[in-house]
Amino acid sequence: MKKVSQAGKGELAFAGALFLVSLVVFWDTHRLILPTNNTIVSPRTFPYVVATLLMVASIGVALEVLRGRAGVPEGTDPNTPFQRADFRTMAIIVGVIGLHVFLLERTGYIISAAISFWGVAYAFGAKKILRIGIISLIFSTLVYFSFTSLLDIQLPKWILEEWISKVGA
């Protein structure tokens, strides 16, 4: 077994997270209440298969990393030095997604999605903040009406959605 590189540590963290997800799927599937009617295939079958595949994949990744065979990102040379993750960008994106979930029921879809689109664009280095904000607002409005009008899938409403619905009617 070779010493684990910095890139390998990240892959081990991924494998560990994948293993934990598989355990959660196993646990949640075990708690699933079975229907009383007689079925040929149990509703637990597919989740158990997914959990098993996740567990096998996580163990396989961990073993490969521990053997010294860390993955090489696509499009890079195997001898390219390891580049550390940009934790600032990841933190902004995670924060914006959390804010989206928090604001969704409080401000409706359009405002919540516009803020999240703007935040992700900002995290990836967008320079023209006002222009990105306007594009985010237009895009989230288009997505809202595509879902509610064309697909008949209701998204959370707030004052803005109510006002636009009345104007459009």
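Let's start inside the protein, at Gly-119: setting aside neighbours within four places in sequence, this glycine is in contact with Ile-92 and Val-96. Keep in mind as you look around that this is a predicted model.

**A glycine in helix H3**

Gly-119 belongs to helix H3, which covers residues 87-123. Is Gly-119 buried or exposed? Its relative accessible area is 2%, and because the cut-off for buried is under 20%, Gly-119 counts as buried. Further along the chain there is Ile-132, 13 residues away from Gly-119 in sequence. The C-alpha atoms of these two residues are separated by 9.4 Å.

**How confident is the prediction?**

Across the protein, the mean pLDDT is 84, and 85% of the residues reach at least 70. Which helix has the highest confidence, and which the lowest? Helix H2, residues 45-66, comes out highest with 92, while helix H5, residues 159-168, is lowest with a mean of 67.

**A nonpolar patch on the surface**

Now turn to the outside of the model. Phe-19, Leu-20, Leu-23, Ile-59 and Leu-63 together make a nonpolar surface patch of about 420 Å². Two elements give two or more residues to this patch: helix H1, spanning 6-30, and helix H2. Of the contributors, H1 gives the most, with three residues.

Leu-63 is a good member of the patch to look at, and you will find it in helix H2. Its relative accessible area is 41%. Patch members need over 30%, so Leu-63, at 41%, passes that cut-off. Leu-63 is classed as partly exposed.

**Salt bridges**

How many salt bridges does the model have? The count is two, and here they are side by side:

| Salt bridge | Closest N to O distance |
|---|---|
| Arg-31 with Asp-28 | 3.8 Å |
| Arg-67 with Glu-64 | 3.4 Å |

Both pairs fit the rule, because a salt bridge calls for a side-chain nitrogen of Lys or Arg within 4 Å of a carboxyl oxygen of Asp or Glu.

How accessible are the partners? In the Arg-31 pair, Asp-28 has a relative accessibility of 44% and is partly exposed. In the other pair, Arg-67 is partly exposed at 49%, and Glu-64 is also partly exposed, with a relative accessible area of 29%. The partly exposed class lies between the 20% and 50% cut-offs, which is why Glu-64, at 29%, is not counted as buried.

Conventions:
Residues numbered from 1 in each chain as written. Predicted model: local features only at pLDDT ≥ 70, side-chain atom pairs only at ≥ 80, totals over all residues. Heavy atoms only, no water. pLDDT = per-residue confidence, 0-100. Helix = DSSP H or I, 4+ residues; strand = E, 2+ residues; numbered from the N terminus. Buried < 20%, exposed > 50% of the residue type's maximum accessible area, 1.4 Å probe, protein only. Patch = residues over 30% accessible without salt bridge, like charges linked within 9 Å, V, L, I, M, F, W, Y side chains within 5 Å. Areas by Shrake-Rupley, 256 points an atom, 1.4 Å probe, with all protein chains shown as cover. Contact = heavy atoms within 4.5 Å.
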